[in-house]
Amino acid sequence: MDFNSIDWDAMWREEAKFSSRKSISEKEIWDKRADSYDRRNNGSETPDKLDKEDYVSKMLDRIALEPEWTVLDIGSGPGTLTIPLARKAKNVTALDVSPAMLAKLQNKAASQGIRNIRYINSSWQDAFAKKQVGIHDVVVASRSLMTDDIKEALSNIIAVTGKAAYLTFPVIHLPFDWEVYRVIGRRGKKHPPYIYAYNLLYQMGIQANVEILCSKVTVRFANVEEALEVLQRRNDPFNDAEIAKLKEFLEMKFAGLKGSSVFTHEGKSKWALIWWRKDDQEQ
Ligand SMILES: C[S@@+](CC[C@H](N)C(=O)[O-])C[C@H]1O[C@@H](n2cnc3c(N)ncnc32)[C@H](O)[C@@H]1O
């Protein structure tokens, strides 16, 4: 069989059927998550104090930037990478479908006196279709390409990449959630494997590099109710039997706390960083 005849896009779509929640739009999901996501990923507030084992710290270490370069941050979220990148680059375009996420980023940029960020509140699908996005030296899509339309995303990214692109895909991204899934007897939500995206890039003429970034992830819950709410918000709603099992599990975890009222779980996430330099692609 010829490698190029394999339809990696179709295979990705097939897997994506099991990973995405269709009853609610990306915009609604992310608007709801903006507060908790921002609290968990506050690297942009204190980039100099970041743990070297942290995802953000690892990403910032990998993304090569010159002061005169421009950056496109697709799915910027609350600015986890946007703000530290804006400190180093000429300017950053932050593209995000969620107004709540962009509002967090805007507030942070204002409070830190950062003025070189342009904001596009749109899905990347619409922004590319309307030609709102031009060529940027560096394109970043960090933890934001859990999409059905991977081929469309990659071909648009290739078209606007001036020098280099950095994309990350989940391998294990929420270790505590996976423990919870096991407890309640659900199959964990699997995202399509990053290797399909890598293979698609290869078919599109891009010889990319892959690095698996293993990073520390800490989740903290003040009480059982908060834990239930957050875990439920990230997933398809749990049924009554699942909630009962989960409550029992969480109550046991909280009962085991010694001297602290906050339950903390330390786990490891794995993200596949796929990146390439445009110059390296020339024959
Ligand atoms: C997990 S967060 C990642 C945020 C940030 N890049 C980071 O690494 O912390 C995913 C972000 O992608 C955004 N997003 C999801 N689908 C999108 C789409 N189709 N177009 C634009 N943004 C999207 C969400 O609103 C959210 O802010």
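Visitor: How many bridges join strand β1 to strand β2?
Guide: This is a predicted model, and in it β1 and β2 (residues 91-96) run parallel. Ile-74 has Leu-95 of β2 standing opposite. The number of bridges that join β1 to β2 is five.

Visitor: Which helix makes a β-α-β unit with β1 and β2?
Guide: Strands β1 and β2 are parallel, and a helix completes a unit with them. The unit is right-handed. The helix, spanning residues 82-88, is α4.

Visitor: Which residue in β4 stands opposite Asp-73?
Guide: Strand β1 is also joined to β4 (residues 136-141), by three bridges. These two strands run parallel. Opposite Asp-73, in β4, stands Val-140.

Visitor: Are the residues of β1 that point either way from the strand buried or exposed?
Guide: Thr-70, Leu-72 and Ile-74 point one way from β1, while Val-71 and Asp-73 point the other way. The strand covers residues 70-74, and five of its five residues fall in one class. Whichever way they point, all of them are buried.

Visitor: Which strands stand at the edges of the sheet?
Guide: The open sheet has seven strands with mixed pairing, in the order β3-β2-β1-β4-β5-β7-β6. Each edge strand has a single partner, so one of its sides is left without a neighbour in the sheet. From one strand to the next, the twist averages 20°. The edge strands are β3 (117-121) and β6 (209-221).

Visitor: What is the bridge partner of Ala-165 in β7?
Guide: Strands of a sheet pair through backbone hydrogen bonds, in either the parallel or the antiparallel sense. Strand β5 (residues 161-172) and strand β7 (residues 263-277) are antiparallel, with eight bridges. In β7, the bridge partner of Ala-165 is Trp-276.

Visitor: Is Lys-131 buried or exposed?
Guide: Lys-131 lies in the loop between α6 (124-129) and β4, and has a positive phi of about 55° although it is not a glycine. A residue with 12 or fewer other C-beta atoms within 10 Å counts as exposed. Lys-131 has 7 such atoms, so its class is exposed.

Visitor: Is Arg-143 buried or exposed?
Guide: Arg-143 is not a glycine, yet its phi is positive, at about 55°; this residue is in the loop between β4 and α7 (150-160). The class of buried residues begins at 20 other C-beta atoms within 10 Å. Arg-143 has 20 of them, so its class is buried.

Visitor: At roughly what angle do the axes of helix α2 and helix α5 cross?
Guide: Trp-30, Asp-31, Ala-34 and Asp-38 of α2 meet Pro-99, Ala-100, Met-101 and Lys-104 of α5. The residues of this contact comprise five nonpolar, no polar and three charged. The axes of α2 (residues 26-40) and α5 (residues 99-111) come within 7 Å, and they cross at roughly 35°.

Visitor: What is the radius of gyration of the chain?
Guide: The chain holds eleven helices and seven strands. For 283 residues the globule rule gives 19 Å, and the chain is close to that value, so it is as compact as a globular protein of that length. The radius of gyration of the chain is 19 Å.

Visitor: Among contacts between residues at least 6 apart in sequence, what percentage join residues at least 24 apart?
Guide: The C-alpha atoms fill a box of roughly 60 × 55 × 35 Å along the principal axes. Of the 283 residues, 31% count as buried. Among contacts between residues at least 6 apart in sequence, the share that join residues at least 24 apart is 75%.

Terms used: Residues numbered from 1 in each chain as written. Predicted model: local features only at pLDDT ≥ 70, side-chain atom pairs only at ≥ 80, totals over all residues. Helix = DSSP H or I, 4+ residues; strand = E, 2+ residues; numbered from the N terminus. Pairing = 2+ DSSP bridges. Right-handed = clockwise from strand over helix to strand, strands pointing away. Axes fitted to C-alpha atoms, helices over the stretch in contact; angles between N-to-C directions. Rg over C-alpha atoms; globule rule 2.2 N^0.38 Å. Contact = placed C-beta atoms within 7 Å. Nonpolar A, V, L, I, M, F, W, Y, C, P; charged D, E, K, R; others polar.
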